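Here's a quick briefing to keep beside you while you turn the model around on screen. Have a look first, then work through the topics below.

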Amino acid sequence: MAMQAASSALDVEAPVGVYAPERSLLVASVLSMSGGFLDAFTWLSPGQWQQAAHHLLPMVAFLLGASIAIRIRAPLRCLLGEIVCLAAAMLLLHRVPDMVAILGISFGVALQSASFRQVERWKYLSTTVTGNMFRAIDQSVATSDRDAARGAGVMLLLSLMFLLGAALGSCATRWLGAWSLALPIASSMHVLWFCRRHRDRRDQG
């Protein structure tokens, strides 16, 4: 889909610095599952957007969101922006043209995926599964040390979380329609709470 195609443009090296909760395996797992969920939702919910002519605008919205996220460099603000975009899409889907809701979802997902691109020491993408699977293979064959084995395991876990999210998204979208977006919204809110709590504890310490 458009978000997967556009996300490949963001596959750049993230600077390695002090530990931040945004780089934790928990955050990467939750966001990867949310990415899989939203991937399934955008394919199953609006019935007509899959037509080839409709792929361009979501890609433009994704690239715009990614550009903004990279420029402002404020992951938690971008995550809050994604929550707002998903909530608006949930409330307005089928009340406005489906493409409008898809553009909002694409923009919001881009804010998240461009802001959260590193888990521990490794790069990842929460909006696609294939890139992380290739990274798992690269880590497993590159060297035989313990660090490479952990990297392969992390990438494999994120791939499985994405697929789990896609499966949950498929079922929830069929059962709940637009209201199924409440699940990735809740996931993003959990990540936001987790990161803020960790930062507050670090600042107090």
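Does H94 count as buried or exposed, and at what relative accessibility? H94 comes out at 53% relative accessibility, so it counts as exposed. Keep in mind that this is a predicted model. From here, the tour goes through the core, two of the helices, the salt bridges, the unusual backbone angles and a patch on the surface.

**The nonpolar core**

- The largest nonpolar core takes in 42 residues. Inside this core, the residues with the most contacts are I105, F116, Y124, M155 and V191.
- Six elements give two or more residues to this core: α2 (25–44), α3 (56–72), α4, α5 (98–115), α7 and α8 (182–204).
- Helix α5 puts in the largest share of the core, with eight residues.
- F116 is a good one to click on. Leaving out residues up to four places away in sequence, F116 touches E22, V27, L31, P75, L76, L79, Y124 and V191.
- Two of the residues F116 touches, Y124 and V191, are also on the list of those with the most contacts inside the core.
- As general background, nonpolar side chains in soluble globular proteins tend to be buried together.

**Helices α2 and α4**

- α2 is 20 residues in length and reaches 29 Å from its first C-alpha to its last, close to the 28 Å expected at 1.5 Å a residue.
- Most of α2 is covered, with 15 of its 20 residues buried.
- α4 has 18 residues, and its first and last C-alphas are 26 Å apart, close to the expected 26 Å.
- The buried residues in α4 are P75, L76, C78, L79, E82, I83, C85, L86, A89 and M90.
- Those buried residues of α4 pack against α2, α3, α5 and α8.
- For reading that α4 list, it helps to recall that an α-helix has 3.6 residues a turn, so residues three or four places apart point the same way.

**Salt bridges**

- How many salt bridges does the structure hold? There are three.
- One of them joins the side chains of R199 and E22, at 2.4 Å from N to O. This pair links distant parts of the chain, with R199 in helix α8 and E22 in the loop between α1 (2–7) and α2, 177 residues apart.
- The two partners in that pair have different cover: R199 counts as partly exposed because its relative accessibility is 28%, while E22 counts as buried at 6%.
- E120 forms a salt bridge with R150, and their closest N and O atoms are 2.5 Å apart. Here E120 sits in the loop between β1 (118–119) and β2 (122–123), R150 is in helix α7, and the two are 30 residues apart.
- E120 is partly exposed, with a relative accessible area of 24%, and R150 also counts as partly exposed, at 42% relative accessibility.
- D147 and R121 meet through their side chains in a salt bridge of 2.7 Å, N to O. D147 lies in helix α7 and R121 in the loop between β1 and β2, so the pair ties together parts that are 26 residues apart in sequence.
- D147 is partly exposed, with a relative accessible area of 35%.
- In general, side chains of opposite charge can pair when their charged atoms come close.

**Positive phi angles**

- Back to H94: this residue is in the loop between α4 and α5, and its phi is near 75°, a positive value in a residue other than glycine.
- H94 comes just after α4.
- E120 has a positive phi as well, near 55°, and again the residue is not glycine. E120 is found in the loop between β1 and β2.

**A nonpolar patch on the surface**

- Which residues form the nonpolar patch on the surface? The patch is made of L91, L92, W175, L176 and W179, and together they have about 620 Å² of accessible area.
- Helices α4 (75–92) and α7 (146–176) each supply at least two residues of this patch.
- W175 is part of helix α7. W175 counts as exposed because its relative accessibility is 72%, and the cut-off for exposed is over 50%.

Conventions: Residues are numbered from 1 along each chain as its sequence is written. This is a predicted model: local features need pLDDT of at least 70, side-chain atom pairs count only at pLDDT 80 or more; totals for chains, interfaces and linings use all residues. Side-chain values use heavy atoms; hydrogens and water are left out. Patches are made of residues with over 30% relative accessible area and no salt bridge: like charges are joined within 9 Å, nonpolar side chains (Val, Leu, Ile, Met, Phe, Trp, Tyr) within 5 Å. Accessible areas come from the Shrake-Rupley method with a 1.4 Å probe; for residues, only the protein chains shown count as cover. A salt bridge is a side-chain nitrogen of Lys or Arg within 4 Å of a carboxyl oxygen of Asp or Glu. Helices (H or I, at least four residues) and strands (E, at least two) are DSSP runs, numbered from the N terminus. Buried means under 20% relative accessible area, exposed over 50%, partly exposed in between (1.4 Å probe, protein chains only). A nonpolar core is a set of buried Ala, Val, Leu, Ile, Met, Phe, Trp, Tyr and Cys residues joined through side-chain atoms within 4.5 Å. Contact means heavy atoms within 4.5 Å. The expected span of a helix is 1.5 Å times one less than its number of residues.
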